[in-house]
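Here is a short tour of a two-helix contact, some enclosed spaces and a few backbone details. Keep the viewer open beside you as you read.

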Amino acid sequence: MDSDLNLKATELRLGLPGTTDAISPPKNNKRSSPDSDSAPSPPKAQIVGWPPIRSYRKNNLAEAESGSFVKVSMDGAPYLRKIDLKVYNGYLELLEGLEKMFKLTIGEYSEREGYKGSEYAPAYEDKDGDLMLVGDVPWEMFESSCKKLRIMKASDARGLGCAV
Amino acid sequence: MAYSFPEEVLEHVFSFLSLARDRNAVSLVCKSWYEIERWCRHRIFVGNCYAVSPEIVIRRFPELRAVEMKGKPHFADFNLVPEGWGAYAYPWIAAMAEAYPFLEEIKLKRMVVTDESLELISKSYKNFKVLVLTSCEGFTTDGLASIAANCRHLRELDLRESEVEDLSGHWLSHFPDSCTSLVSLNMSCLGSEVSFSSLERLVARSPNLRTLRLNRAVPLEKLANLVRHAPQLVELGTGAYSSEIRSDTFSSLADAFSACKQLKALSGFWDVVPSYLPAVYSVCSGITSLNLSYAAIPSSDLVKLISQCQNLQRLWVLDYIEDSGLEALAASCKDLQELRVFPSDPFGAEPNVSLTEQGLVSVSEGCPKLESVLYFCRQMSNAALIAIARNRPNFIRFRLCIIEPQAADYLTLEPLDAGFGAIVENCKELRRLSMSGLLTDRVFKYIGTHAKKLEMLSIAFAGESDLGLHHVLSGCDSLRKLEIRDCPFGDKAVLANAAKLDTMRSLWMSSCSVSFGACKLLAQKMPRLNVEVIDERGPPDSRPESCVVERVYVYRTVASRQRLDMPDFVWTLDEDSSMRYS
């Protein structure tokens, strides 16, 4: 199971990142008897590779459906993560989520000084391709304009203000 | 001897043989024919990259110009093959770079291709023309930049559904201004934006461009410009098909499309805004292939578009089309040959659309040429399958996925044996079958009895005992590929049919009941089969021999059974007959 982790980490699934994964249904259940109320139906857990849809299609589908999955990169990390912005109700929850996912702390946000007191600062790429600091615009506007997230080293983020 | 044809004459005769099957037959006639044929074979298809080695291929065929190869087994598409299993293209690319300076075409499927490989390709072959990477992975856009920059006569670059690490869209700008030979460009799987002006200039200077599949990042506003530069296009994949509704964008797009008199295939349509679909109406009557499988729009909008395409032969669509939409399809598209219906919400517990078995029944009734189906749905009945089988005895490919594993006939609660039985009994030309739902050993008896032309069979969560597998292996005369997951099939059937496996390309079994002991026995009995035990729990001989293995992949091979690139979770039979890993 442990060696599966790499795959699971980047696999598209429903639910918050970090939740445990699924089990396969018991075999040899549900035989042909009509009164099969004896065996409870298996939990609606996800089975690996079922339904048989290619990850390529699954990824595209999720983006088509919700349009709210964004890639998150962290400077220095070898691979990216993906999160669903819809799952968060605001910046606080988002930052908490990022902190948990990447095991780091992001400082406090202030309009004037950006993120103080931390090694990292969250930035995002908006619809126009510009790199913006997370937190400057109202959450709803951020949700619809954010295309990608990037957790930058705070030293690189200095001088990144809001586009006024 | 004195009366034999001169070599050149035979070579000329052989040049009319394009099918590998024919050339293989010719090589078996006698030694001199074998020799002549091997020197003039230019194309080769290797269905399993581990069935043979680069050295063997190069030794036999010194003059290849085109190589097509497949790597991982099909179930790798569904994450059933652990990462790192194999199928690396590099050893092949490196060997061929030395041996075939005139190589023109490389087509790979389900292989791991690195940037190194791509760079080697771009620098080794002066006349390289065609690169098709289907469902491949392991490379980045840097590798693409090498291809773009160095392949002066590139005609096709097709990245079908490959997983590419997208570092930036800059690679496209590496095509030199002198490159005007492009015939086909498929970048639909890429994420990032390419420089639009580079793309536009590339399209404008490629008069032979027939296929252009853009990626999602190309906005709708730019599509009209591109299309205007290439009215000769035969296949177009749009980018994102959404934009603020503006009449000038619309009319510009509609005008551009109306100039495309040769357009036959449309795809893309991510993020579709239905109001823009009428822009393609002018080309619909010529469209034979439509891929709307990323278009999340309601049935009514889908139907409006599809009913304009009277000559449609192939349709890929999401289940948003619903039964009603499929009925409309059946009424308007009498030339339909292939239908694929994908689920919009495969992991949802409840159905989100009204798509049932009825949709498939309608299409099977209304479309006399329908021969290939992939259908995802949430309920099925024997009655429906029997009706479908009777309507369409001409099926060649039938893949049905009922989303809930082991789902019974929803009307009678019986297994779907009779339904699938009807399919194989009626469809005598069936070559490919994927089954789902509740199935007992009986369905396999039907398959073994009737499916004589079946070449590929996919089974999941089905059957009751070894007898099921035995029926298939002993009865299906044309079987080449068998893939099974989560079925109670084990040692008896596999060992009893060991000789059959030598006549097939491969057998995949995961989460079944095959023991390590049986794998060893099979490998010992059949020296030309590679029996790969793929197990992530550590060495199989640290457990009793009766322990079942997680996965076993058996394939015939003339190469070594100890491939050098085996990861630590793959075990094959060692020369001194104990299962050891390399």
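## Two helices that cross

In chain B, α1(B) passes α3(B) in a right-handed crossing; that hand means the near helix is turned clockwise from the far one by less than a right angle, and anticlockwise would be left-handed. This is a predicted model, in which local features need pLDDT of at least 70, side-chain atom pairs count only at pLDDT 80 or more, and totals for chains, interfaces and linings use all residues. Residues are numbered from 1 along each chain as its sequence is written, chains are lettered from A and ligands numbered from 1 in the order in which they are written, and side-chain values use heavy atoms, with hydrogens and water left out.

Helix α1 covers residues 7-14 and helix α3 residues 31-39 of chain B; their axes come within 10 Å and cross at roughly 65 degrees. Axes here are lines fitted to C-alpha atoms, for helices over the stretch in contact, and angles run from 0 to 180 degrees between N-to-C directions. Helices (H or I, at least four residues) and strands (E, at least two) are DSSP runs, numbered from the N terminus.

Which residues of α1(B) and α3(B) meet? From α1(B) come B:Glu7, B:Leu10, B:Glu11 and B:Phe14, and from α3(B) come B:Trp33, B:Ile36 and B:Glu37, where contact means heavy atoms within 4.5 Å. By class, this contact has four nonpolar, no polar and three charged residues. Ala, Val, Leu, Ile, Met, Phe, Trp, Tyr, Cys and Pro count as nonpolar, Asp, Glu, Lys and Arg as charged, and the others, Gly among them, as polar.

## Enclosed spaces

Four cavities of 30 Å³ or more are found. On a 1 Å grid over the protein atoms alone, a cavity is a set of points where a 1.4 Å probe fits but cannot get out, and lining residues have an atom within 4 Å of a point. Grid points are joined across faces, edges and corners, and a volume is the space filled by probe spheres set on the points.

| Cavity | Volume | Lining by class |
|---|---|---|
| Largest | about 60 Å³ | seven nonpolar, one polar and two charged residues |
| Second largest | about 40 Å³ | nine nonpolar, no polar and no charged residues |

The lining of the largest cavity includes B:Asp319, B:Arg378 and B:Phe376. Around the second largest cavity you will find, among others, B:Val494, B:Cys519 and B:Val554. Three residues of that second lining, its largest share, come from α20(B).

## Backbone details

Two residues of chain B sit in one loop, between β2 (66-70) and α5 (90-99): B:Asn79 and B:Ala87. B:Asn79 has a positive phi of about 65 degrees although it is not a glycine, and B:Ala87, also not a glycine, has a positive phi of about 70 degrees. Are they buried or exposed? B:Asn79 counts as buried at 17% relative accessibility, and B:Ala87 is buried at 0%; buried means under 20% relative accessible area, exposed over 50%, and partly exposed in between (1.4 Å probe, protein chains only).

In chain A, the peptide bond from A:Trp50 to A:Pro51 is cis, with omega near -10 degrees. A:Pro51 lies in the loop between α1 (5-10) and α2 (55-65) of chain A. Chain A has five helices and seven strands, and buried residues make up 40% of its 164 residues.

Note on methods
On a 1 Å grid over the protein atoms alone, a cavity is a set of points where a 1.4 Å probe fits but cannot get out, and a pocket is an open set with protein on both sides within 12 Å along at least five of seven lines; lining residues have an atom within 4 Å of a point.
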